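Work through the exercises below with the sequence and the structure open. Try each task before reading its solution.

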Amino acid sequence: MTDSHVTRRALLRYGAYGAGAAALAGTAASWDRLTGADIPGRDDDSLVVATLGPAYGPEAVRTLSEGFKKVHPDIKLRINAVQAVDWPDFFAKILTQIAAGTAPDLVYVATEGVQLFAQRLGVALDHWVRRDAEELREYFADVHPSLVESMMYEGSLYQLPVEFNAADMYLNNQVLKRAGADFPAADWTRDDFTALLRDMKRSSGSQFTPYFWTNRLWGGVVPWLFANDTNLLAESKAPGGAWLWDRFYPAADRTGRGGGFRWTTPQATDARVEEAYDYLASLIQEGLCSRPEGGNGQNLVGVFSTGRVGVTPAGGFWAGGLHLAGMRSQDYDVQYFPRWRTQRMQYGAAGYALLRTSKKQDEAWEFIKYAARKDTLDTLFATNQTTPARRSMLTADRYRETGPNHWQVFYDTLDKFPDTGPIPAPPQVAEVEQVLLKHTGTALASRRAVGPALRRMQRDLEKAMERDV
């Protein structure tokens, strides 16, 4: 669910995603006819796990495989690192495999695909969670309830979150010093943010961009919608979930929890949505930020590290990324997203989803539990290429080499702002994001373009949400 190594929340590849989804339409009818011989890797009776290749390279695959073998020598495991440029491309390839009768047992799924997989492809984990409650008590005590709730769908739990990333604000300390500006306070406001961008602009050259952002669902316009106390789609909670909350979380942590998030009625024409777009349009007009078509962030580490960008939204994954790029921990820092009407922030999470086609569901559950263990995640996320879902893993020792100084922000985004929530990702998320990207570019052409573009966005979102996935 992160943006490590490649832009893992980059622009959707709708052609491939749509083709996979279309192929899926005929898949359900064929599930009962699948046999072990139809699924790759089953010649040796292996449990097959599909991960996103660029994020889970050979070293990660080896770590998972060898560690799992020590715990479960009786279960043969095969991890397929599917080569894909981003999550939608990855999902498209998985959907195509399923349609062809070559499905894995487990798929690593980010927030963007949680409800799609839960609705059409996944197996609820409720039975196993109840059965192994004592074993899992330590896990749930270490994981924020919001992350768990983001992996629920209509009252059932479909994944154990192992990582997440919230859209916090990274600041280049070199640029702050050049502007004569102090590091912002935790409760800084939108107006403080704007003033800082102006100070950065005045003290820098023509090739400098104070605020760099990308046009996508995670880290694009959505954080500003959250800060302005609104959302792209009406948000509510599904009923249910008490079976989990009452068993694993104290009363204070389960207050307001339900059976998962629901995103329903489009509200692109809401006054607060228009206000957020108008604000971004004003920043562009003033030369304080990049345009939405400014790219997918692949060159961002370079321009940030050389002081050509001052501020950008990113998650804990960037601590590892900047370190690998040669930035010292004292060269940058991170702060919460600025407050507007609220300081609610957004995140995306990820974990393993069990597919209905699997003939090894009990073995798959053992892998899910193993992958969520602290010792597993300690080894897997040693380079800080993401934010671990386990609170206890975020320590001063972990960030001693990579930084940033305010590393506590990563998990405190959840702990200190309990209404922080996942990006809006209904089962129709592919179409929703396509509409968002298309009309955001048009809306921010000028401040006068905002209203008409949002009205067109509203119409297209209504069509997208009417589609039965």
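The exercises that follow concern a predicted model and go from the whole chain to single residues.

**Exercise 1. The whole protein**

Task: State how many helices and strands the protein has, and what percentage of its residues is buried.

Solution:
- Step 1. Count the elements: the secondary structure comprises 20 helices and 15 strands.
- Step 2. Take the burial of the residues: of the 469 residues in the protein, 61% are buried.
- Step 3. Look at contacts between residues with a separation of 6 or more: 81% of them join residues 24 or more positions apart.

**Exercise 2. The nonpolar core**

Task: Find which residues have the most contacts inside the largest nonpolar core, and which helix gives the most to this core.

Solution:
- Step 1. Recall the general rule: in soluble globular proteins, nonpolar side chains tend to be buried together.
- Step 2. Identify the core: the largest one has 152 residues, and Phe140, Tyr211 and Phe367 have the most contacts inside it.
- Step 3. Find the main contributor: helix H13, residues 271-285, gives the most, with eight residues.
- Step 4. List the partners of Phe140, leaving aside neighbours within four places in sequence: Val129, Val148, Leu157, Leu160, Leu244, Phe248 and Tyr249 are in contact with Phe140.

**Exercise 3. Salt bridges between distant parts of the chain**

Task: For the pairs Glu154 and Arg262 and Glu275 and Arg341, work out where in the chain the partners lie.

Solution:
- Step 1. Start from the total: the whole structure contains 29 salt bridges.
- Step 2. Check the distance in one pair: Glu154 and Arg262 form a salt bridge through their side chains, at 2.6 Å from N to O.
- Step 3. Place its partners: Glu154 is in the loop between strands S4 and S5, while Arg262 is in strand S10, so this salt bridge ties together parts that are 108 residues apart in sequence.
- Step 4. Classify the exposure: Glu154 has 38% relative accessibility and is partly exposed, and Arg262, at 29%, is also partly exposed.
- Step 5. Turn to the other pair: the closest N and O atoms of Glu275 and Arg341 are 2.6 Å apart, in a salt bridge.
- Step 6. Place these partners: Glu275 belongs to helix H13 and Arg341 to the loop between strands S12 and S13, and the two are 66 residues apart.
- Step 7. Classify them too: Glu275 is partly exposed at 31%, and Arg341 is partly exposed at 45%.

**Exercise 4. A salt bridge within a helix**

Task: Explain how Lys369 and Glu366 are placed in helix H16, and decide whether they are buried or exposed.

Solution:
- Step 1. Confirm the pair: the side chains of Lys369 and Glu366 form a salt bridge of 3.4 Å, N to O.
- Step 2. Use the positions: the two are three residues apart in helix H16, so about one helical turn separates them.
- Step 3. State the burial: Lys369 and Glu366 are both buried.
- Step 4. Widen the view: a network of salt bridges links Lys369 and Glu366 with Arg131, Asp132 and Glu135.

**Exercise 5. Two helix pairs**

Task: Determine whether H3 and H4 are roughly parallel or roughly perpendicular, and then do this for H2 and H16.

Solution:
- Step 1. Read the geometry of H3 and H4: their axes come within 10 Å and cross at roughly 25°.
- Step 2. Apply the cut-off: angles under 35 degrees count as roughly parallel, and H3 and H4 are therefore roughly parallel to each other.
- Step 3. Name the contact residues: Trp87, Phe91, Ile94 and Leu95 of H3 meet Glu112, Gly113, Leu116 and Phe117 of H4.
- Step 4. Check the surroundings of H4: eight of its ten residues are buried, so H4 is largely enclosed by the rest of the structure.
- Step 5. Read the geometry of H2 and H16: they pack at about 115°, with axes 11 Å apart.
- Step 6. Classify this pair: H2 and H16 are therefore roughly perpendicular to each other.
- Step 7. Name the contact residues: Thr63, Leu64, Gly67, Phe68 and Val71 of H2 meet Glu363, Glu366, Phe367 and Tyr370 of H16.

**Exercise 6. One loop residue**

Task: Decide whether Thr342 is buried or exposed, and list its contacts.

Solution:
- Step 1. Locate the residue: Thr342 sits in the loop between S12 and S13.
- Step 2. Compare with the cut-off: buried means under 20% relative accessible area, and Thr342, at 16%, counts as buried.
- Step 3. Leave aside neighbours within four places in sequence: Thr342 is in contact with Phe226, Ala227, Asp229 and Asp419.

Definitions and conventions:
Residues are numbered from 1 along each chain as its sequence is written. This is a predicted model: local features need pLDDT of at least 70, side-chain atom pairs count only at pLDDT 80 or more; totals for chains, interfaces and linings use all residues. Side-chain values use heavy atoms; hydrogens and water are left out. A nonpolar core is a set of buried Ala, Val, Leu, Ile, Met, Phe, Trp, Tyr and Cys residues joined through side-chain atoms within 4.5 Å. Buried means under 20% relative accessible area, exposed over 50%, partly exposed in between (1.4 Å probe, protein chains only). Helices (H or I, at least four residues) and strands (E, at least two) are DSSP runs, numbered from the N terminus. Contact means heavy atoms within 4.5 Å. A salt bridge is a side-chain nitrogen of Lys or Arg within 4 Å of a carboxyl oxygen of Asp or Glu. Axes are lines fitted to C-alpha atoms, for helices over the stretch in contact, and angles run from 0 to 180 degrees between N-to-C directions. Angles under 35 degrees count as roughly parallel, over 145 as roughly antiparallel, 65 to 115 as roughly perpendicular and the rest as oblique.
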